[in-house]
Each structure stands twice: as structure tokens, then as C-alpha cells.
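Please look over the sequence and the model below before reading on. The report then takes up a few features in turn.

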Amino acid sequence: MPDAGVHRVVIVGGGFGGLQAVHGLRGAPVEVTLVDRRNFHLFQPLTYQVATGALAPGEIAYPLRAIFKRYDNVRVVLAEVAGFDLAGRRLQLKPVADVPTPDSLAYDTLIVAGGSRYSYFGHDEWSEYAAEVKSLESALTVRGRILAAFEAAELETDPERQAAWLTFVVVGGGPTGVEMAGQIGELARDTLRRDFRRIDSRTGRILLVETTDRLLTSFPPSLSAKALRSLQRLGVSPMVRSTVVDLDADSVTIDHPGAAAERIPTRTIIWAAGVTASSLAGTLAELTGAELDRAGRVAVEPDLTLSGHPEVFALGDMVRVRAANGNPVTFPGVAPVAMQQGRYAAKAVQARLRGQDPGPFRYHDKGNLATIGRGTAVADIKGLKLSGFIAWVTWLFVHLWYLVGFQNRILVFIRWSVSFFTHGRGARLITAQATEKVGNRPSA
Ligand SMILES: Cc1cc2nc3c(=O)[nH]c(=O)nc-3n(C[C@H](O)[C@H](O)[C@H](O)COP(=O)(O)OP(=O)(O)OC[C@H]3O[C@@H](n4cnc5c(N)ncnc54)[C@H](O)[C@@H]3O)c2cc1C
């Protein structure tokens, strides 16, 4: 337990924001407690590679205890945050995986970085059929469904049902949707090409459905156009100005403006559209009266604290930050924003302990990257627009640099090098969990 009298900082969330806040407080005259409902940090930008068998789960996740084993002033608690007693300065906890946990934790400073989750535009029932790739568990479900679909197609004798098994629909044309569709394209065209006897995996149909008029709307239009062409070369059919209006175990219905809605038989739908903030944002907004936007993000002050609670910081995907004019600004929902905010919060805590004013948080935009396939990516770095191989090498090194754990960096680098030359994917496993889910779906 923390020494009596030492300033107690409790950090919720061992994701990108929380991790940087802990790093920044290493060796500071404070006792840090990191609370997460998972015992590992997950590198979400690469979960789609687990979902397509390119990487194994352990290569993109790292135990929080291992990360902080040499941080003497840091302890890790495995628990789910159930609520906040802001007046009493206590965090309410509930157990995870039957691990007994204290009911609450006292803090002097609280830093909340609970992240976000995918939203299904008010159709939560769709999540049963359209899995996403935000958590490791759902990435493994997606991996099982994609691989099981090829297996089912190989055994199916009815051509229509076989075509449905070989139709993959990715919903959402942002970076995750583009990366996911590109990876399924490579899997079908290269990796699985010689694995089956009855089907030709290259005949698989991969649809990427996007509501707006172009893919990758956070990139300049010229890079969106390049990404579209690269996807087409991988056998992906991008469908822009198209909206998924219904889906079930056997099909997806897509609305195209000015045309009748189209029902497409498919057994594999991957959701990569729309996120909503962690429910912790809503709880904090309710307790403090702070604004919530439509995506469930709570508005925080320019120094990332909650209005009326300078001892509570909130950051990352779950917040919007009030600008000097008082209006909340939405930063992109990307790792660099959360990381910079985590680092800022750690510095602000220390500045305050020295009696100094930390000043407002300032975001430094370093650019945007998205990979499409082997040797192809797009990058927009401070106005410098890159595409093709050079963008892919940039993407590769940036991701290796930020991946947590030296061993993981080496393993991923080796895996990517081997895959680059062999077109192989070493982690093409259908695990029991995913098989059950696929098997439970009504058969055609
Ligand atoms: C599939 C995918 C691909 C992405 N690709 C990129 C990319 O290429 N580049 C990029 O910059 N960004 C990417 N992002 C976005 C990036 O991952 C997020 O912006 C970033 O993770 C936000 O960091 P965070 O700290 O706010 O939340 P997270 O990193 O999500 O961390 C939140 C943490 O809080 C914990 N938590 C939540 N609720 C509770 C609770 N009640 N109790 C205890 N613990 C809790 C969670 O377990 C988690 O560890 C991607 C996201 C996804 C889903």
C-alpha cells in the first residue's frame, strides 16, 4: 500500500494514454496505481493483423506488470472500474475473472483513460453477426470466422451458398476498414491460393462499404484515390456512398442513394465503423454536469481536468478538450493524441506538486498512416504525401517503434519479413472460441 502522506495518483486504463501517464510519473515523488480490467496493454493498431492470421495475439499485447516491473513507485491492480466517488476521492472497483479486489481505492489525483468501443449506430444486435477488431477476443473471433468461411466454402456443394461463404463484407472505409479489407484480399489472393482443392480462394468477393464519397476521409483526396486503386488491385471492391441498413447471419443489406437497397448474401461481416467513448465518460459527465457529445465523449478543460475537479484528469479517446474560446475540440481518435495527453497529465501532476501552472494541453499532429497491403500504404506527414513502398516502410517502422516490448518488436519484424518474402501467415488458426461462434450461426 502507498506510504501515508505520499501523493496518490490512480490511473484508469493501461492503453495508450494511461501507459504514457505511468511512464511520465516514473520516479516522481508520488505513488502510482494503474487499474485495468485487462492484465495487458493491447496495441490496437495491429489487432486487424491478428484477425487475419498475420500476427499472433502475444505479439501485439504485453503484460502490464512486465512493463512496470522496474518502476518502484508503480503498482498494477486488475479490476474493473465501476464508478467514482468524486467528493470522497475514491474509485469504485469490481472484480475481474473472480480475482478478489478492494471495493474502492483512494486517490489524491485521478487520471481516467478508458478509451472507446465500436458503436453499431443504435443496432447493438448487429454485433452478433458483425464482429469488430478492437479487442483481442473479438479479433480472434474474426480470424476464426474468416478462416472457417473458406473451410465451409470448400465443403459446400451448392454454388449460391458457396458464393455466400466466399463473400466478405467490411463495414467502414476508415483506416481499420481499409487495412482489414486489404488483408483479407491478400489472404484470398496469395496466402490461401494453394491451400484448397475444390475452391479457388482468389474468387472470394471482398466488399468495403463506406457511407461517405471516399475512403480514408482523414487523408487528402489524392491519397484516398491511391488507396482505392491499391485495394482494387488486391481484389477488394470498395463501395462508397453506400450504407449498411440491415444485416443478419446470412446477409447484409446496403442502401445506395437513388437505387433500390441491395441484399447481398454473406456469412462474414466485419465491423469497422463508428466508435463511441467508454461508458466511464458518461459516468463522469453525469457526476460533474460536463457536456457529452453524440459519440459519448466528455468535455474536459484545456488542462484535461474535469470542470470543478482539478484533481481529475480524463484523456484519450473518451474526451473532447475545451479550447481557449470555451468550445470543445474533437481531436482524432488516434494513439498519438492519447499518448501526448497521457504524457501531459503526468507533467501537469508534477508541475502542480511544485506549485507551478502546467498551462493548457497542446496537440502536435505528426500525420496519418494507413497500410493497404504488402508493400503498399499511404502516409500524410505534415503535408508530405507518400504512397506505395516508401509509405509502407514508414508505416512499418513507426509501428515497430511504438509496439511495446523489445521482444515483440523483434518477433513482429521477423514475422513481417518472412511474410513479405513468402506471402505466408503463420497464425492461421481457428480457435475453439471462434469455431463455436461460427458453428452456432444458422447453417445455410
Ligand atoms: C482496430 C483499431 C485500429 C486502430 N489503428 C490505429 C492506428 O493505426 N493508428 C493510431 O494512431 N490509432 C489507431 N487506433 C486508435 C487507437 O488505438 C486509440 O486512439 C487509442 O487506443 C486510444 O487510447 P486510449 O488510452 O484513450 O484508450 P485505449 O488504448 O483503448 O485504452 C483504454 C484502456 O482502458 C481499459 N478500461 C476501459 N474501461 C475500463 C474499466 N471500466 N475498468 C478498467 N479498465 C478499463 C481498457 O482495458 C484499456 O486497456 C486504432 C483503433 C482500433 C480499434
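The sections below cover the domains, the ligand shell, one helix and two loop residues.

## Two domains

This is a predicted model. The protein chain falls into two parts: domain 1 is made of residues 7-37, 79-118 and 276-353, while domain 2 is made of residues 126-272 and 369-439. Between the C-alpha centres of domain 1 and domain 2 the distance is 33 Å.

## The shell around the ligand

The ligand is surrounded by 33 residues, and the closest are Gly-13, Gly-15, Gly-17, Gly-115 and Gly-316. Sorted by class, the shell holds 14 nonpolar, 13 polar and six charged residues.

Several elements each supply at least two residues of this shell: helices H1, H2 (47-51), H7 (175-191) and H10, and strands S2 and S6 (80-85). Domain 1 and domain 2 both give residues to the shell, so the ligand lies between them.

## Helix H10

H10 covers residues 335-353, which is 19 residues. From its first C-alpha to its last, H10 reaches 27 Å, close to the 27 Å expected at 1.5 Å a residue. After H10 comes Gly-355, with a positive phi near 80°.

Many positions of H10 can be checked for burial in the model. Buried residues in H10 include Val-337, Ala-338, Met-339, Tyr-344 and Val-349. Gln-340 and Gln-341 are also buried, as is Gly-342. The buried residues of H10 pack against strands S1 (7-12), S2 (30-36), S9 (109-112) and S22 (309-314), and against helix H1 (16-24). Two of these partners, H1 and S2, appear again with H10 among the elements that supply residues to the ligand shell.

## Two loop residues with positive phi

Asp-98 is not a glycine, yet its phi is positive, at about 60°. Asp-98 sits in the loop between strand S7 (90-94) and strand S8 (104-106). Is Asp-98 buried or exposed? A residue counts as exposed if 12 or fewer other C-beta atoms lie within 10 Å of its own. Asp-98 has 6 such atoms within 10 Å, so Asp-98 is exposed.

Leu-216 is not a glycine either, and its phi is positive, at about 45°. The place of Leu-216 is the loop between strand S13 (205-209) and helix H8 (221-233). For a residue to count as buried, 20 or more other C-beta atoms must lie within 10 Å of its own. Leu-216 has 25 other C-beta atoms within 10 Å, and therefore Leu-216 is buried. In short, Asp-98 is exposed, whereas Leu-216 is buried.

Notes:
Residues numbered from 1 in each chain as written. Predicted model: local features only at pLDDT ≥ 70, side-chain atom pairs only at ≥ 80, totals over all residues. Domains from an automatic or database assignment. Helix = DSSP H or I, 4+ residues; strand = E, 2+ residues; numbered from the N terminus. Expected span 1.5 Å × (residues − 1). Contact = placed C-beta atoms within 7 Å. Near = placed C-beta within 6 Å. Nonpolar A, V, L, I, M, F, W, Y, C, P; charged D, E, K, R; others polar.
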